[in-house]
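Colleague: Before I rely on the vocabulary used for this fold, I would like to hear the reasoning behind each term. Could you take me through it step by step?

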Amino acid sequence: MITTMRLDQFLFIDIETVSESGNFNFLTQEWQHLWEEKVNRTLPEGVTIDEYYPQRAGVMAEFAKVVCISIGYFKKEAASYNLRVKSIYGDNEKELLQSFVQTVNQLEASNNKWSFTGHNIKEFDIPFLCRRLLINGLPIPVYLDFQNMKPWETNLVDTFQYWRFGDYKNFTSLKLLAAALGIASPKDDIDGSMVGDVYWKEKDLPRIAAYCQKDVVTVANIILRFKSQPILHSEQVIFVK
């Protein structure tokens with residue numbers, strides 16, 4: 001499917017998430033118990049319940065929140081395509097999610113032949129967004145409701161799943177896949193394990209957004225490699241505020 005799709009049919013997406021509280025001790029007693037029940041069977045040896053919270057809560061939708069969503073899409077300008085990238089970020093998750101849905105609705109109105117595209121978005125980004133929409137009392141848009149779609153109706157391109165080629169034994173990170181395809185690594189500032197500290201300790205959302213945008217650009221370049229096309233030059237990437 002990837003090889004036959006036009007470049008303007010890919011809608012790249014990446015999200016950054018953090019624990020909903022900056023510290024386990026700030027949770028109510030009820031939520032401390034819920035956290036203990038959630039991780040008790042998987043708690044690593046030598047790690048306490050409260051120590052495990054900042055390590056893992058940020059990737060569990062019941063205990064986390066979305067702080068940044070980066071979106072990218074190809075736009076033909078003159079004789080070539082440029083990649084336009086925009087980040088929606090903030091402390092108010094409900095407003096962030098509403099802004100994201102509004103942005104995608106606008107894109108849908110002008111081009112409804114697109115597919116969400118990202119790395120491991122089938123198992124993480126999309127389910128996480130759907131859960132957080134419900135938690136915030138917001139409806140799930142039709143284009144995100146994959147549970148009610150038949151497999152051939154799903155508008156989803158996952159570079160992680162594509163790279164498997166039917167092999168389900170191993171996980172391949174975005175960083176590893178990019179390196180294997182000769183694409184420069186985007187991780188030159190922070191990595192996923194640092195996002196929580198950058199948010200709660202440094203209060204630096206723009207830094208998180210910049211990290212998220214680099215992943216979007218990397219996935220776009222991976223798609224170009226899958227399509228046997230040259231990767232993007234820096235001047236072909238346009239960051240939109």
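Modeller: Gladly, and please keep in mind that this is a predicted model. A good starting place is the hairpin formed by strand 2 and strand 3, which has 2 residues between the strands and, in the turn, Ala78 with a positive phi of about 60°.

Colleague: How do you know that strand 2 and strand 3 pair?

Modeller: Two strands count as paired if DSSP finds at least two bridges between them, and strand 2 (residues 64–77) and strand 3 (residues 80–89) share 10 bridges in the antiparallel sense, so the criterion is met. Within this pairing, Gly72 stands opposite Val85 in strand 3, and Cys68 has Tyr89 of strand 3 as its bridge partner. Cys68 is also the bridge partner, in strand 2, of Glu16, and strand 1 and strand 2 pair over 9 bridges, again in the antiparallel sense.

Colleague: What makes strand 2 largely enclosed?

Modeller: A residue is called buried under 20% relative accessible area, and 10 of the 14 residues of strand 2 are buried, so the rest of the structure largely encloses this strand.

Colleague: Which strands stand at the edges of the sheet, and why are they called edges?

Modeller: The open sheet has 6 strands in the order 5-4-1-2-3-6, with mixed pairing. Strand 5 (156–158) and strand 6 (237–240) each have a single partner strand, so one side of each is left without a neighbour in the sheet. On average, neighbouring strands here are turned by 25° against each other, with direction ignored.

Colleague: Why is helix 1 described as roughly perpendicular to helix 2?

Modeller: The axes of helix 1 (residues 29–39) and helix 2 (residues 49–56) come within 11 Å and cross at roughly 80°; because angles of 65 to 115 degrees count as roughly perpendicular, helix 1 is given that description relative to helix 2. In their contact, Trp35, Glu36 and Val39 of helix 1 meet Ile49, Tyr52, Tyr53 and Arg56 of helix 2, which by class gives 5 nonpolar, no polar and 2 charged residues.

Colleague: What makes Asn136 count as buried?

Modeller: Asn136, which lies in the loop between helix 4 and strand 5, has a relative accessibility of 17%, and since buried means under 20%, Asn136 falls into that class.

Colleague: How do you know that the side chain of Asn136 makes a polar contact with Arg132?

Modeller: The side chain of Asn136 reaches the backbone oxygen of Arg132 at 2.8 Å, and the cut-off for such a pair is 3.5 Å, so the distance lies within the limit. Leaving aside residues up to four places away in sequence, Asn136 touches Glu93, Lys94 and Leu97.

Definitions and conventions
Residues numbered from 1 in each chain as written. Predicted model: local features only at pLDDT ≥ 70, side-chain atom pairs only at ≥ 80, totals over all residues. Heavy atoms only, no water. Helix = DSSP H or I, 4+ residues; strand = E, 2+ residues; numbered from the N terminus. Axes fitted to C-alpha atoms, helices over the stretch in contact; angles between N-to-C directions. Parallel < 35°, antiparallel > 145°, perpendicular 65-115°, else oblique. Contact = heavy atoms within 4.5 Å. Nonpolar A, V, L, I, M, F, W, Y, C, P; charged D, E, K, R; others polar. Buried < 20%, exposed > 50% of the residue type's maximum accessible area, 1.4 Å probe, protein only. Polar contact = N/O pair within 3.5 Å; in protein donor to acceptor, adjacent residues only side chain to side chain.
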